Amino acid sequence: MSETPKTADLIVFGGTGDLSMRKLLPALYHCDRDGLLAPGTRIIAMSRGGLDDADFRGKVDAEVRSSVPVDDAGDRGVWQRFLDRLHHVTIDISGEDPTGWQRLGALLAGHEERDRVFYLASPPMTFGPFCREANRAGLVTPASRVVLEKPLGRDLASARHINDEVGEIFHERQIFRIDHYLGKETVQNLLVLRFANAFLEPIWNSLWIDHVQITVAETVGTPGRRGYYDHAGALRDMVQNHLLQLLCLVAMEPPARNDRESIRDEKVKVLESLRPITGSEVDRFTVRGQYTAGESGGVQVPGYLDEPDGTPPTEASHRVETFAAIRAEVKNWRWAGVPFYLRTGKRMPYRCSEIVIQFKDVPHSIFPGSAPNRLVLRLQPSEGIRLHIMAKEPGAGEVALKPVPLSLSFAETFSGRVPDAYERLLMDVLAGNPTLFMRRDEVEAAWRWIDPILREWESQSMLPEPYPAGTSGPAGAHELVDRSGRAWHEEDPA
Ligand SMILES: NC(=O)c1ccc[n+]([C@@H]2O[C@H](COP(=O)([O-])OP(=O)(O)OC[C@H]3O[C@@H](n4cnc5c(N)ncnc54)[C@H](OP(=O)(O)O)[C@@H]3O)[C@@H](O)[C@H]2O)c1
């Protein structure tokens, strides 16, 4: 983690919402418990909720405490210290009433020298108005930063619009666009694995690697969230950000330094090297699906259109994809001819985020039954790295081969708790380190590649291919890899 940050004011717009209560506040508590929040650091939630500080502390005590360890007397002391850091300011960003800004101004007054972080845990259309109003209220100081949650727009044009609006108030170096996947231990370990070990880099290319698979599979569906999800879909919600970020880290060239710009420069080069998928190629290289009723986790679950939601499905509900798979290519010297298969879906058979590097077979096999090596980097659950190698099964007679894994489990190897990605990222924001955050050109390059796929899907009369809940996606996703004699890596991490 970064060095201990200085005393700061962290203002969380949307501080009573799901993201704050489930992720940000538990992460901040853990940081506090680990001694990473400087004395005097305050967390100021903003919402329309009409809460005062005591109400908000009571809400956090009731809703967050059970999800974090407050085991012994020492922890109880930390918990109380954490609660004392919390404040709440009522504001309606869409209203004209300036009193919310005045209350926030009064709370911040006299602390202008502190690092001031505005964390926008709110829908993207609020980003521009929030920044303008905060600036109009005189609250944006030279030591201010702003954190933007995903999604950053719905396409290239809207992402540019948001970036322009926020950029009118904040300098690019003050803007932290978060993708929490980049805070995961395994993701950072991918960089260490590649660039702090000598043995992999010489074979990390098209001469030795057959293909790469990146999978983010969820078992959950979207009950009660159709209103949001109808207008998002798997491509916008997962591929444009998380999966492309992982692809960048696998494919990037070794950066000159581990600093704020070098890594991001290399990631942008990867995004700009992605072969565009346009027009009729979209059907050949992409697949979209939508789950129907099926069995998930041993229980019968409804299809996407029948999820309990309070409102009937619309035209958009029928068209939205809950599964997406893409065969991508990075057109450069290192990766020429190596497919990168990306897939993500809801109501898949098991929850798993992983990167699979499938090596080529040995050039000349002297043993029957050999299989190519495979490196599996698991991001969740149970973060770890597995290298599948061929070994001889013990016994006399003919040599029998068996693929066996060399495994590194983070939980077993490094004792103690694996910190949540948000802990790392929040501490990096407080310390002013943007390395693990997305730069404007990165986000826009990702949208530039995604946009033609979105446009083609949206122009088609064909609906997403159905797949029963609890299965690994539509038939088309299997055909996408079958076509070249490959198969998806299917290994239940449980
Ligand atoms: N939940 C997640 O795990 C997650 C993960 C990644 C990204 N995100 C993104 O983060 C954002 C927030 O997600 P969420 O799930 O936390 O949403 P949520 O549960 O609906 O919370 C929204 C928060 O914003 C406040 N708010 C909404 N409109 C407001 C307004 N006009 N003025 C002031 N406050 C307002 C709400 O409080 P009041 O209603 O009381 O005003 C609440 O605190 C979304 O853009 C989402 O896509 C969420």
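This is a short tour of a predicted model, stop by stop, with a selection to make at each one.

**Stop 1: the two domains**

Colour residues 8–149 and 182–482 separately. The domain assignment calls these domain 1 and domain 2. Their C-alpha centres lie 33 Å apart.

Now look at where they meet. Twelve residues of domain 1 are in contact with nine residues of domain 2. Which elements give two or more residues to the domain 1 side? Select helix H1 (18–33), strand S4 (115–120) and strand S5 (144–148). H1 gives the most, with six residues. Colour this side by residue class. Eight of its residues are nonpolar, one is polar and three are charged.

**Stop 2: the sheet**

Show the strands from S7 onward. An open sheet of nine strands runs in the order S16-S15-S14-S13-S7-S12-S11-S8-S17. Its pairing is mixed. Pick out the two edges: strand S16 (401–409) and strand S17 (465–468) each pair on one side only. Look along the sheet for the twist, which averages 20° from one strand to the next.

Zoom in on S13 (352–359) and S14 (374–380). These two strands pair in the antiparallel sense, over six bridges. Select Ile355 for a reference point; Leu377 in S14 stands opposite.

**Stop 3: strand S8**

Move to S8, residues 286–292. Is this strand mostly covered or mostly open? S8 is mostly covered, with six of its seven residues buried.

S8 has partners of two kinds. With S11 (323–329), S8 pairs in the antiparallel sense over four bridges. Select Arg288 to see this pairing, and find Ala324 opposite in S11. With S17, S8 pairs in the parallel sense, again over four bridges. Here, select Tyr291 and its bridge partner Tyr467 in S17.

**Stop 4: helices on the sheet**

Add helix H16, residues 475–482. H16 lies across S8, S11, S12 and S17. Its direction runs at about 150° to S8.

Next, add helix H9, residues 233–251. H9 packs on the sheet as well, touching S7 (209–217), S11, S12 and S13. The direction of H9 makes about 145° with that of S12.

**Stop 5: H9 against H15**

Keep H9 and show helix H15, residues 440–459. Their axes come within 11 Å and cross at roughly 145°. The crossing is right-handed.

Show side chains at the contact. H9 supplies Leu235, Val239, Gln240 and Leu244. H15 supplies Ala446, Trp447, Ile450, Ile453 and Leu454. How do these residues divide by class? Eight are nonpolar, one is polar and none is charged.

**Stop 6: Cys248**

Stay on H9 and select Cys248. Cys248 counts as buried because 24 C-beta neighbours lie inside 10 Å, where the cut-off is 20 or more. Leaving aside residues up to four places away in sequence, Cys248 touches Lys267, Val270 and Leu271.

Draw a distance from Cys248 to Glu423. These two residues are 175 apart along the chain, and their C-alpha atoms are separated by 23 Å.

**Stop 7: backbone oddities**

Finish with the loops. Most residues other than glycine have a negative phi, and most peptide bonds are trans. The selections below depart from that pattern.

- Lys150 and Pro151: a cis peptide bond joins them, with omega about 0°. Pro151 lies in the loop between S5 and helix H6 (156–169).
- Gln380 and Pro381: here too the peptide bond is cis, with omega about -15°. Pro381 is in the loop between S14 and strand S15 (384–392).
- Ser382: select this residue in the loop between S14 and S15. Its phi is positive, near 45°, although Ser382 is not a glycine.
- Arg347: go to the loop between strand S12 (339–345) and S13. Phi of Arg347 is also positive, about 55°.

Are Arg347 and Ser382 buried or exposed? Arg347 is buried, as 31 other C-beta atoms lie within 10 Å. Ser382 has 15 other C-beta atoms within 10 Å, so Ser382 is partly exposed.

Definitions and conventions: Residues numbered from 1 in each chain as written. Predicted model: local features only at pLDDT ≥ 70, side-chain atom pairs only at ≥ 80, totals over all residues. Buried ≥ 20, exposed ≤ 12 C-beta atoms within 10 Å, placed from the backbone. Axes fitted to C-alpha atoms, helices over the stretch in contact; angles between N-to-C directions. Left-handed = near helix turned anticlockwise from the far one by under 90°. Contact = placed C-beta atoms within 7 Å. Nonpolar A, V, L, I, M, F, W, Y, C, P; charged D, E, K, R; others polar. Pairing = 2+ DSSP bridges. Domains from an automatic or database assignment.
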